[in-house]
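Reader: I would like to go through this model with you, point by point. Please keep the answers short.

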Amino acid sequence: MPAVRALAAVLLSLLAAQPAAGAEATLQIGYLGLSIKHQMPNSFLDPPPDDEGVQGARLGIADNATTGRFTGQRFELQEKRVNDPEAVAPALRELAAAGIRLVVADLPAAQLLEVADMPEARGMTLFNTRAPDDALRNESCRRGVLHMLPSRAMLADALAQFLVARRWRNIVLVVGPSEDDKLYAEAIRNAARKFQLRIVADKPWTFDPGARRVDTGHYGAAAEVARFTQGMPAHDMVVVADEAGDWGDEIAYRTTEPRPVAGTQGLVPTSWARPHEQWGATQLQRRFRARAQRWMLPDDYASWLALRTIGEAATRSRSTDPEAVMARIREPGFELAGFKGVPLSFRDWDGQLRQPVLLAQEHALVTVSPQPGFQHQFSELDTLGTDRPETKCRFR
């Protein structure tokens with residue numbers, strides 16, 4: 001009899017937690033995105049989309065709605081997409097005035113920090129889906145920001161682990177002129193020190209690729225790359241830092257010595273890639289393509305992860321209250337499925353989402369890091385990026 005009474009009590013508590021018939025609690029989620037004019041692409045094969053990021057959020061809200069039909073929860077996405085950096089702060093104020101406390105922030109680092117420090121952002125949680133800057137996870141970290149995409153350090157460490165596993169320890173680093181290129185290159189240098197790789201040459205790329213479309217453009221590019229790489233010390237891999245995609249694709253097959261290319265072009269460490277089909281990823285690829293009429297990009301995947309993080313936390317907490325949802329996300333045992341073979345979780349010291357990093361070329365997934373053999377006392381995923389003993393994050 002005591003066992004029967006205990007079981008009855010559990011059933012009654014579960015029934016009490018369910019919403020009344022026809023009643024649905026609604027969780028409002030914001031999407032704040034800054035549209036940046038893309039530069040002319042290296043080729044016209046893959047023109048940059050004008051809806052990168054927001055399409056991932058829309059798929060995420062649809063997935064949340066599917067679960068919500070069973071849990072009696074509704075999820076609504078309020079989109080604010082602006083074209084001017086000066087319009088980002090007013091857009092956040094509008095979201096705050098509407099009572100929204102969970103915001104997908106598809107913003108560059110400067111605008112992300114700007115809105116994170118606004119008085120209106122107090123009590124908000126911002127899900128960073130665009131800025132890979134390591135500083136945002138270290139000296140410029142904010143308690144109210146969670147990072148859905150890998151940092152540059154995570155990407156560089158993923159590539160470095162692969163090079164160590166292949167015993168390709170000598171690399172040439174080629175760095176573009178932009179500030180983002182320099183930050184990516186610094187992450188590669190740090191990874192090389194961390195995993196005992198040797199950078200035998202570290203050179204800036206200064207060739208203007210503007211002439212690639214003239215009739216003899218490929219001859220000029222070939223000659224320039226040959227001159228650039230001639231006489232370099234013996235090396236196993238050329239690593240390029242060209243985040244905008246201006247010139248990195250010109251390097252492969254034109255070097256003096258026949259060497260593979262990796263980094264921002266060639267073999268690319270990334271959070272998501274077109275050829276990724278493992279661990280059920282094919283169904284996510286298909287659902288996204290059916291909705292957006294294009295392939296899922298890393299920014300889309302990060303936004304989808306942000307929405308699914310919120311949806312999963314709402315389901316587990318049986319609540320659509322933003323504070324209850326965020327409390328659930330920040331619990332040590334919170335995990336998220338991300339079609340990467342292992343549960344994803346957040347680091348409590350910097351708000352970074354732990355996740356494997358794919359290493360892929362255009363039509364093939366080559367490998368996934370962490371590589372076998374790289375061990376950690378808590379989680380092998382923490383071999384990628386800034387670990388707890390290394391962090392410079394002191395939450396403000």
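Author: What follows is a set of questions and answers on overall make-up, cavities, a pocket, aromatic rings and two single residues.

Reader: What kind of model is this, and which atoms and residues count?

Author: Residues are numbered from 1 along each chain as its sequence is written, and side-chain values use heavy atoms, with hydrogens and water left out. Local features need pLDDT of at least 70, side-chain atom pairs count only at pLDDT 80 or more, totals for chains, interfaces and linings use all residues, and the model is predicted.

Reader: How many helices and strands does the protein have?

Author: Helices (H or I, at least four residues) and strands (E, at least two) are DSSP runs, numbered from the N terminus. By that rule the protein has 10 helices and 14 strands.

Reader: What percentage of the residues is buried?

Author: Buried means under 20% relative accessible area, exposed over 50%, and partly exposed in between, with a 1.4 Å probe and protein chains only. The protein has 396 residues, and the buried share is 50%.

Reader: What share of the contacts joins residues 24 or more positions apart?

Author: Contact means heavy atoms within 4.5 Å. Take the contacts with a separation of 6 or more; the share from residues 24 or more positions apart is 70%.

Reader: How many cavities of 30 Å³ or more are there?

Author: Rolling a probe the size of a water molecule over the atoms shows where empty space is left. On a 1 Å grid over the protein atoms alone, a cavity is a set of points where a 1.4 Å probe fits but cannot get out; lining residues have an atom within 4 Å of a point. Grid points are joined across faces, edges and corners, and a volume is the space filled by probe spheres set on the points. The count of cavities of 30 Å³ or more is two.

Reader: Which element gives the most to the lining of the largest cavity?

Author: This cavity has a volume of about 40 Å³. Two elements, α5 (152-166) and α6 (179-194), give two or more residues to its lining. With four residues, the top contributor is α5.

Reader: How does the lining of the largest cavity divide by class?

Author: Ala, Val, Leu, Ile, Met, Phe, Trp, Tyr, Cys and Pro count as nonpolar, Asp, Glu, Lys and Arg as charged, and the others, Gly among them, as polar. The lining includes Ala-156, Leu-163, Ile-188 and Val-239. By class it has no polar, no charged and 10 nonpolar residues.

Reader: And how does the lining of the second largest cavity divide?

Author: This cavity holds about 30 Å³ of space. Ser-140, Arg-142 and His-147 are among its lining residues. α4 (109-116) and β5 (145-147) each supply at least two residues. The classes are five nonpolar, two polar and one charged.

Reader: Which element gives the most to the lining of the second largest pocket?

Author: A pocket is an open set with protein on both sides within 12 Å along at least five of seven lines. The second largest one has a volume of about 390 Å³. Its lining of 17 residues divides into five nonpolar, four polar and eight charged. The element that gives the most, with six residues, is α6.

Reader: How are the rings of Trp-205 and Phe-207 arranged?

Author: Rings of Phe, Tyr and Trp (its six-membered ring) pair if their centres lie within 6.5 Å; planes under 30 degrees apart count as stacked, over 60 as edge-to-face and the rest as tilted. The whole structure has eight aromatic pairs. For Trp-205 and Phe-207, the centres are 6.0 Å apart and the planes are at 80°, which is edge-to-face.

Reader: And how is the pair of Trp-205 and Trp-247 arranged?

Author: Both Trp-205 and Trp-247 are buried. Their ring centres are 5.4 Å apart and their planes lie at 20°, so the pair is stacked.

Reader: Is Leu-358 buried or exposed?

Author: Leu-358 is found in strand β13 (residues 357-361). Beyond four places in sequence, its contacts include Val-268, Trp-272 and Val-368. Its relative accessibility is 0%, so Leu-358 counts as buried.

Reader: Is Ser-319 buried or exposed?

Author: Ser-319 is found in the loop between α9 (298-317) and α10 (322-329). Among the residues that Ser-319 touches is Gln-73. Its relative accessibility is 17%, so Ser-319 counts as buried.
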